[in-house]
Amino acid sequence: MHFSAFFLLLLDLPITATCILLPKKQIHASLKNQGQQVMESFAVGSLAIPTRPFFFLVAVLGALAVGNRLAKRSGMEVERALWSVLFVGVASARLAFVLIYWPSYIGRPWTVLDLRDGGMNVVVGIAGAIFMALFLAVRNRPQRRPILASLMVGLALWGAMTTALQAGKATTPIPAITLPDLGGKSVALQSFTGKPVIINLWASWCPPCRREMPVLQEAQKTHKDIIFVFANQGESADAVRAYLIAHALQMENVLIDRHGAIAKQARAAGLPTTLFFDRHGTLVDTRIGELSHASLEERLTKLVSP
């Protein structure tokens with residue numbers, strides 16, 4: 001496999017980490033509710049594509065197209081240099097993230113290479129890409145124009161798309177929804193307001209959901225200052241209880257959302273989706289896809305910070 005194709009496949013892993021597992025009617029309702037707000041994800045076939053990784057891929061492809069076109073006009077080959085810039089940027093972003101959250105990787109060092117958790121330090125990554133581009137431009141003067149033009153186009157596309165996504169976000173409160181727990185008791189989600197709240201949308205047949213359950217269970221036991229809510233999507237209480245027992249999972253605040261009410265209101269098309277609310281009950285972050293110990297710790301730190 002050509003290096004560029006292999007690396008693009010590697011970059012695509014964070015996108016393929018989430019598959020659409022919600023009923024079609026529920027997916028359509030979720031997407032319809034996205035109306036006036038920029039989407040955090042969109043559906044393509046059997047996948048729910050997180051918007052930010054998709055934007056990154058668009059920026060990469062745009063940068064490569066511009067750089068290669070300029071190089072071709074001058075009869076040069078610049079693709080290897082462009083992929084080197086991208087590699088250094090991504091590697092720098094990942095390395096910085098791993099160093100910051102190294103305690104989360106000590107017991108699982110192999111997960112450092114698993115990019116599906118989305119653990120990246122964007123600022124360091126951009127700095128790494130700029131440094132590599134400048135180094136290559138100085139070292140090979142004929143390639144200076146296509147390399148620097150490619151870098152500027154990539155950064156401009158990424159910046160414009162992420163800014164538009166951020167600007168399109170509306171203030172979203174904890175859903176005014178009441179759901180039964182495993183014992184049949186009705187629980188109002190807004191009753192948790194007063195502490196930071198994390199609502200995880202999951203299903204027992206969803207592979208990424210199953211993988212991240214132990215991570216969330218451990219976090220619930222460790223972070224007593226944060227309320228974790230596990231809202232199962234579409235299954236019966238008996239089925240959920242059987243799954244938890246079979247996998248030795250002991251979690252508090254397990255709720256049954258048979259009709260996907262939270263997913264519809266939160267505009268979530270795929271599983272797993274995790275919603276992060278501050279102590280005032282305002283949505284401050286959304287993770288579409290699997291959470292690792294490190295990527296969850298990153299969000300928890302931001303959630304409890306003043």
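**Exercise 1.** In which sense do strand E6 and E7 pair, and over how many bridges?

*Solution.* The model is predicted: local features need pLDDT of at least 70, side-chain atom pairs count only at pLDDT 80 or more, and totals for chains, interfaces and linings use all residues. Residues are numbered from 1 along each chain as its sequence is written, and side-chain values use heavy atoms, without hydrogens and water.

Helices (H or I, at least four residues) and strands (E, at least two) are DSSP runs, numbered from the N terminus. Two strands pair if DSSP finds at least two bridges between them. Strand E6 (residues 227–233) pairs with E7 in the parallel sense, over four bridges. Gln233 has Asp257 in E7 as its bridge partner.

**Exercise 2.** Place E7 in its sheet and find the helix across it.

*Solution.* The open sheet has five strands in the order E7-E6-E5-E8-E9, with mixed pairing. E7 (254–257) and E9 (283–288) are the edge strands, each with a single partner strand, so one side of each lacks a neighbour in the sheet.

Helix H8 (residues 237–246) lies across E5 (197–202), E6 and E7 (contact: heavy atoms within 4.5 Å). H8 runs at about 145 degrees to E7, with axes fitted to C-alpha atoms, for helices over the stretch in contact, and angles from 0 to 180 degrees between N-to-C directions.

**Exercise 3.** Describe the crossing of H7 and H10.

*Solution.* The axes of H7 (residues 207–222) and H10 (residues 293–304) come within 10 Å and cross at roughly 40 degrees. The contact involves Val215, Leu216, Glu218 and Ala219 of H7, and His293, Leu296 and Leu300 of H10.
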